[in-house]
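Open your viewer and let's take a walk through this protein together. At each stop you will get a selection to make and a short account of what is there.

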Amino acid sequence: LLHMNSPGGSVQASEAIRSEIVALRRAGKAVVVSMGGAAASGGYWVASAADYIVANPTTITGSIGIFGIINTFENTLNQIGVHADGVTTSPLVDASLSRGLSLEINQLIQSNVDNGYQQFINLVAEARDKTVSEIEPLAQGRVWIGQSSYKQGLVYQIVDFDDALVKAA
């Protein structure tokens, strides 16, 4: 029984935990996820690998989506008169916190986000025995609360932790 209360996290960390759940299942161990206050984004990524997923009536579920943030400080530095310049052999090696993102870097990051999102959708579709086109309307960062997550097929039951413990046993 994995009791989860997670608003999410990085793709790499979520996938590392999910792959351990997959390993448990391959070793013949049944895995039940009991979602507490939240199993959103990376939390749901992890939960998707379980044999059985339950939520309580107020669990925030889903947020199937990916985003990336790259902080840059060019505007702040410009206000205090600090500027950076340089030459490179390629636009892809020109990333700096002191400059905005080049079109090429922006496209590379967007491609990575898009790839991660597609991977997330595919994982959920496979785990929930649905098609990608069935999962897409549930994704795009949307969240579902309690009974709505059940109606959307993201969880098997709406129960409390004690009921999840019984299910795991």
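## The whole chain

Buried residues account for 34% of the 169 residues in the protein chain. Keep in mind as you look around that this is a predicted model.

Start with a cartoon view. The protein chain contains 7 helices and 6 strands. Trace the cartoon from the N terminus and you will meet the elements in the order β-α-β-α-β-β-α-α-α-β-α-β-α. With a radius of gyration of 20 Å, well over the 15 Å that the globule rule gives for 169 residues, the protein chain is more spread out than a compact globule. Turn the model along its principal axes, and the C-alpha trace spans about 65 × 30 × 30 Å.

How much of the contact network joins residues 24 or more positions apart? Among contacts with a separation of 6 or more, such residues account for 64% in the protein chain.

Now switch on the surface. The protein chain exposes about 9,900 Å², and carbon and sulfur atoms supply 53% of that. If you colour by charge, look for 10 positive and 15 negative charges, whose mean positions are 9 Å apart.

## Two aromatic pairs

Hide the surface and show the aromatic side chains as sticks. The structure holds 2 aromatic pairs.

Select W45 and F120 for the tilted pair: the ring centres are 4.8 Å apart and the planes meet at 50°. Where do W45 and F120 sit in the chain? W45 belongs to helix α2 (residues 42–47) and F120 to helix α4 (residues 103–127), so this pair ties together parts that are 75 residues apart in sequence. Both W45 and F120 are buried.

Next, select Y52 and Y156. Their ring centres lie 4.6 Å apart with the planes at 5°, so this pair is stacked. The pair links distant parts of the chain, 104 residues apart: Y52 is in strand β3 (residues 52–55), while Y156 is in the loop between α6 (147–151) and β6 (157–158). Are the two partners buried or exposed? Y52 is buried, at a relative accessible area of 16%, whereas Y156 is partly exposed at 34%.

## Two backbone stops

Switch to a backbone view and pick S41, in the loop between β2 (32–40) and α2. S41 has a positive phi of about 50°, although it is not a glycine. With 15% relative accessibility, S41 counts as buried.

Then move to D129, in the loop between α4 and α5 (132–135). Here too the residue is not a glycine, yet D129 has a positive phi of about 55°. Is D129 buried or exposed? D129 is exposed, with a relative accessible area of 71%.

## Across the sequence

The last selections show residues that are far along the chain from their partners.

Begin with N5 in strand β1 (residues 2–6). N5 counts as exposed, at 56% relative accessibility. Which residues does N5 touch, leaving aside its neighbours within four places in sequence? Display G36, G37 and A38, and you will see the residues in contact with N5. Add M35 to the selection as well: from C-alpha to C-alpha, N5 and M35 are 6.1 Å apart in space, though 30 residues apart in sequence.

Now select V143, which lies in strand β5 (residues 143–145). V143 counts as partly exposed, with 45% relative accessibility. Show I60, T61 and S63 too, since you are looking for contacts: leaving aside neighbours within four places in sequence, V143 is in contact with these residues. You can also return to S41 from here. The C-alpha atoms of V143 and S41 are separated by 9.0 Å, and the two residues are 102 residues apart along the chain.

Finish at A127, in helix α4, the helix that also holds F120 from the tilted pair. A127 counts as partly exposed at 27% relative accessibility. Draw a distance from the C-alpha atom of A127 to that of L154: the separation is 9.6 Å, for residues 27 positions apart along the chain.

Methods. Residues are numbered from 1 along each chain as its sequence is written. This is a predicted model: local features need pLDDT of at least 70, side-chain atom pairs count only at pLDDT 80 or more; totals for chains, interfaces and linings use all residues. Side-chain values use heavy atoms; hydrogens and water are left out. Helices (H or I, at least four residues) and strands (E, at least two) are DSSP runs, numbered from the N terminus. The radius of gyration is taken over C-alpha atoms; the globule rule is 2.2 Å times the number of residues to the power 0.38. Buried means under 20% relative accessible area, exposed over 50%, partly exposed in between (1.4 Å probe, protein chains only). Contact means heavy atoms within 4.5 Å. Accessible areas come from the Shrake-Rupley method with a 1.4 Å probe; for residues, only the protein chains shown count as cover. Lys and Arg count as positive and Asp and Glu as negative; His and the chain ends are not counted. The place of a charge is taken as NZ of Lys, CZ of Arg, CG of Asp or CD of Glu. Rings of Phe, Tyr and Trp (its six-membered ring) pair if their centres lie within 6.5 Å; planes under 30 degrees apart count as stacked, over 60 as edge-to-face and the rest as tilted.
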